[in-house]
Amino acid sequence: MNKGFSNPRETWDARFSSDEYIFGTEPNVWLAQHTELLQPGMRVLAVADGEGRNSVWMAKRGLQVDAFDISPVGVDKAKALAQIHGVEVNFSIHGVEHYPWKALEYDAVVAIFIQFADPETRAALFKRMKSALKPDGVILLQGYTPKQLEYKTGGPPNLSHLYTEDLLRDAFGDLDITELRAYEDTLTEGTQHHGQSALIGLVARRPFACNFQ
Ligand SMILES: C[S@@+](CC[C@H](N)C(=O)[O-])C[C@H]1O[C@@H](n2cnc3c(N)ncnc32)[C@H](O)[C@@H]1O
């Protein structure tokens with residue numbers, strides 16, 4: 001169970017209830033810096049995709065995108081964004097705990113700012129994300145590090161939800177980690193991710209031979 005909020009669906013529906021896209025309509029900058037990993041025709045899963053800025057951008061690049069989020073209000077906005085851009089995304093409404101995860105399905109799993117997950121939820125979620133990859137499929141994960149608690153420019157206030165390089169190395173050590181970097185940048189992602197930020201990015205590829213499902 002996610003202990004971040006007593007009712008995450010209601011909390012996020014309320015946050016998304018304005019007309020404005022609170023994380024903006026442009027893709028996450030770090031994700032957009034990895035376009036070479038996201039080639040047309042690839043099957044990709046966008047985890048907790050919110051208002052759709054990342055899934056729609058990937059669909060515009062010619063990828064086949066499945067995307068889900070716990071918030072129906074967020075998914076409605078994501079659908080509207082896809083329509084504006086004239087692209088198809090297979091959106092659905094699910095919490096990570098109840099998503100019908102499939103194994104060996106995706107060329108890429110994209111998880112941008114999914115730090116609603118407490119350590120227990122996160123461990124199960126990371127396992128599902130890895131399992132969803134085809135051999136040679138890649139995970140792209142962006143989040144905040146504990147230093148973000150000083151900046152307070154976005155992200156959860158809970159230390160246990162934030163990522164360190166050691167935490168991600170441990171969680172994804174059974175993949176080939178090709179990038180793992182804590183860094184700082186100034187974000188301008190809507191009203192919610194705004195200002196100097198302590199970030200971390202992980203790119204990890206599933207080996208052809210590996211000992212998990
Ligand atoms: C910080 S936002 C990031 C949204 C999107 N990935 C982006 O980068 O714009 C976190 C998202 O997680 C979703 N969320 C919260 N708890 C969730 C859960 N248990 N399962 C699935 N999505 C959840 C929220 O509705 C929200 O859209």
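Which residues surround the ligand, and which are the closest? In this predicted model, the ligand is surrounded by 18 residues, of which Ala48, Arg53, Asp69, Val96 and Ile112 are the closest. By class, this shell comprises nine nonpolar, five polar and four charged residues. The ligand takes up the space of the largest pocket.

Polar contacts to the ligand involve side chains that include those of Asn54, Asp69 and Glu97. For Asp69, an N or O atom of the side chain lies 2.6 Å from an oxygen atom of the ligand. For Asn54, the corresponding distance, again to an oxygen atom of the ligand, is 3.2 Å. The side chain of Glu97 has an N or O atom 3.5 Å from a nitrogen atom of the ligand. On its own, the ligand has 590 Å² of accessible area, and the protein covers 97% of this area.

Aromatic pairs were also examined. A pair of aromatic rings is described by the distance of the centres and the angle of the planes. The structure contains nine such pairs. One of them joins Trp12 and Phe16: the ring centres are 5.4 Å apart and the planes meet at 40 degrees, an angle between the limits of 30 and 60 degrees, so the pair is classed as tilted. Phe16 also pairs with Phe23, with 6.3 Å from centre to centre and 75 degrees between the planes, in an edge-to-face arrangement. Trp12, Phe16 and Phe23 together make up one aromatic cluster.

The residues of this cluster were then assessed for burial. Trp12 has a relative accessible area of 18%, which is under the 20% cut-off, and therefore counts as buried. Phe23 is likewise buried, because its relative accessibility is 13%. For Phe16, which pairs with both Trp12 and Phe23, the relative accessibility is 2%, so Phe16 is buried as well.

Methods:
Residues are numbered from 1 along each chain as its sequence is written. This is a predicted model: local features need pLDDT of at least 70, side-chain atom pairs count only at pLDDT 80 or more; totals for chains, interfaces and linings use all residues. Side-chain values use heavy atoms; hydrogens and water are left out. A residue is near a molecule or strand if one of its heavy atoms lies within 4 Å of it. A polar contact is a pair of N or O atoms within 3.5 Å; within protein, one must be able to donate a hydrogen and the other to accept it, and residues adjacent in sequence count only if both atoms are side-chain atoms. Accessible areas come from the Shrake-Rupley method with a 1.4 Å probe; for residues, only the protein chains shown count as cover. On a 1 Å grid over the protein atoms alone, a cavity is a set of points where a 1.4 Å probe fits but cannot get out, and a pocket is an open set with protein on both sides within 12 Å along at least five of seven lines; lining residues have an atom within 4 Å of a point. A molecule sits in a cavity or pocket if more than half of its atoms lie within 2 Å of its grid points. Ala, Val, Leu, Ile, Met, Phe, Trp, Tyr, Cys and Pro count as nonpolar, Asp, Glu, Lys and Arg as charged, and the others, Gly among them, as polar. Rings of Phe, Tyr and Trp (its six-membered ring) pair if their centres lie within 6.5 Å; planes under 30 degrees apart count as stacked, over 60 as edge-to-face and the rest as tilted. Buried means under 20% relative accessible area, exposed over 50%, partly exposed in between (1.4 Å probe, protein chains only).
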